Amino acid sequence: MLASPLYRGATIALFLSGLGFSAAAPQIASFLVNELGASLSAAGLFYLTSLTAPVIGFLVGARSDRTGARLGLFRACAVAGFAGWTGIAFATQLWMPYVISAVVLGFAGAATSQLFAAVHDELKAHPDPGNDGVVAGVRMAMTGGWVVGPVAGSFLAAHTSLRIMLLATAICTLAQIAPLGVLRNPHSTPTTGRRTGAPSLRAMLPLLAFTALYVLVYAGEPVKYAYLPIYMNSQLDLPSGLAGAIIGIQPLVEILLMPLAVLVARRIGMLRLMVIGAACGVAANICFATTGSAAGLFAGQILMGGVWAVFAALGIIVAQRLLPTAVATASAIFLSSTALASALGGAAGGIGAATLGLPHVFLIPAAAGLAAVAGLAAMTRSSEHNL
């Protein structure tokens with residue numbers, strides 16, 4: 001895999017993407033509260049700005065499928081992401097991060113979708129039964145960034161400032177461009193390099209259904225990253241190093257289990273394994289809501305590692321197979337759904353923090369995850385979607 005310039009460059013770029021974003025994700029709510037004077041509810045509602053990301057992702061993906069310009073669009077989106085994080089780092093008014101996130105940061109996520117579309121094109125040009133493992137391997141690099149990022153972000157914020165930490169995220173976002181240099185993916189095809197029309201709504205329905213269920217699974221992440229650090233610091237009074245370790249254990253477990261997830265999926269099917277993964281998410285959020293100890297939080301994060309080992313390794317593969325005639329659009333819709341989930345989870349978390357308080361706010365994503373378990377189980381019973 002590393003012999004290919006595209007795979008090698010995408011692997012390094014995705015590591016940098018995961019490193020930068022995961023450093024900022026657990027700290028953005030604290031930045032809004034401590035630096036700009038936001039309330040806890042207002043900090044949670046910041047994630048509503050992500051509602052624009054699926055629209056941006058769809059438009060970028062559709063253009064990519066029409067033109068085949070995967071890597072050119074990737075570079076443009078990375079530059080936009082750099083500008084957005086830099087703007088937030090230097091924000092002086094509370095409204096500024098909200099506007100910047102809504103207008104600009106959606107492009108940062110679209111950059112990732114273009115890389116996966118480029119990798120798909122390359123794999124399609126060189127068919128092999130082990131291609132699923134290649135996708136999972138490239139995706140593991142992003143997870144590797146998530147292993148390092150939370151601890152690095154916590155350390156950097158503690159020893160410098162939250163603004164410096166956000167600026168480091170901006171630099172990581174821009175640095176994604178470097179590993180790919182001026183490379184052009186020779187097999188870029190909007191499904192063959194020719195211009196094609198946008199897929200019909202009917203053709204997209206299976207993908208949209210799967211993405212909606214993924215949103216329910218992912219909705220707990222913004223709640224966790226907004227309120228778990230605050231809960232650990234303000235109510236449990238955990239040391240910053242221990243709190244960073246609790247955040248960082250999830251992606252570490254995830255990266256260890258991803259190869260196993262690929263192997264198990266080949267035996268029982270991807271969607272069946274995702275039912276099990278979503279159920280682990282329900283259990284994890286119950287741990288956050290009820291245990292009240294560092295051990296309980298570690299247990300919840302380990303369970304979450306199992307969730308994302310499954311969905312990170314296999315989710316993009318399922319999405320592309322559900323819309324094979326427009327893989328960049330499929331990639332963009334699926335990956336930008338994390339932003340939609342952030343908006344949903346942020347709104348639910350903001351309301352839940354004000355009504356249920358900490359830590360019972362985590363019962364809300366537990367309920368959403370239970371609905372996802374039911375929906376994914378229904379999809380597995382359809383032979384049309386037996387992936």
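The following conversation goes through the cavities and the domain contact of a predicted model.

Trainee: What should be kept in mind about numbering and confidence?

Mentor: Residues are numbered from 1 along each chain as its sequence is written. In this predicted model local features need pLDDT of at least 70 and side-chain atom pairs count only at pLDDT 80 or more, while totals for chains, interfaces and linings use all residues, and side-chain values use heavy atoms, with hydrogens and water left out.

Trainee: Why is a space here called a cavity, and how many cavities are there of 30 Å³ or more?

Mentor: On a 1 Å grid over the protein atoms alone, a cavity is a set of points where a 1.4 Å probe fits but cannot get out. Grid points are joined across faces, edges and corners, and a volume is the space filled by probe spheres set on the points. By this rule the count is two cavities of 30 Å³ or more; the largest holds about 1000 Å³ and the second largest about 60 Å³.

Trainee: What makes a residue part of the lining, and which residues lie nearest the centre of the largest cavity?

Mentor: A lining residue has an atom within 4 Å of a point. For the largest cavity 49 residues form the lining, and F21, W146, Y218, T338 and A339 lie nearest its centre. Both domain 1 (5–180) and domain 2 (201–385) supply at least three residues each, the bounds coming from an automatic or database domain assignment.

Trainee: Which helix gives the most to the lining of the second largest cavity?

Mentor: Helices are DSSP runs (H or I, at least four residues), numbered from the N terminus. By that numbering α12 gives the most, with four residues, whereas in the largest cavity α6 (residues 95–125) does so with nine.

Trainee: How do you know how many charged residues line the second largest cavity?

Mentor: Asp, Glu, Lys and Arg count as charged, Ala, Val, Leu, Ile, Met, Phe, Trp, Tyr, Cys and Pro as nonpolar, and the others, Gly among them, as polar. The lining of the second largest cavity then divides into eight nonpolar, three polar and no charged residues.

Trainee: What is the area buried between domain 1 and domain 2?

Mentor: Buried area is the accessible area (1.4 Å probe) that two parts lose on being put together, summed over both. For domain 1 and domain 2 this is about 3500 Å², of which carbon and sulfur atoms give 73%.

Trainee: How many salt bridges are counted between domain 1 and domain 2?

Mentor: A salt bridge needs a side-chain nitrogen of Lys or Arg within 4 Å of a carboxyl oxygen of Asp or Glu, and the count between domain 1 and domain 2 is zero.

Terms used. On a 1 Å grid over the protein atoms alone, a cavity is a set of points where a 1.4 Å probe fits but cannot get out, and a pocket is an open set with protein on both sides within 12 Å along at least five of seven lines; lining residues have an atom within 4 Å of a point. Helices (H or I, at least four residues) and strands (E, at least two) are DSSP runs, numbered from the N terminus.
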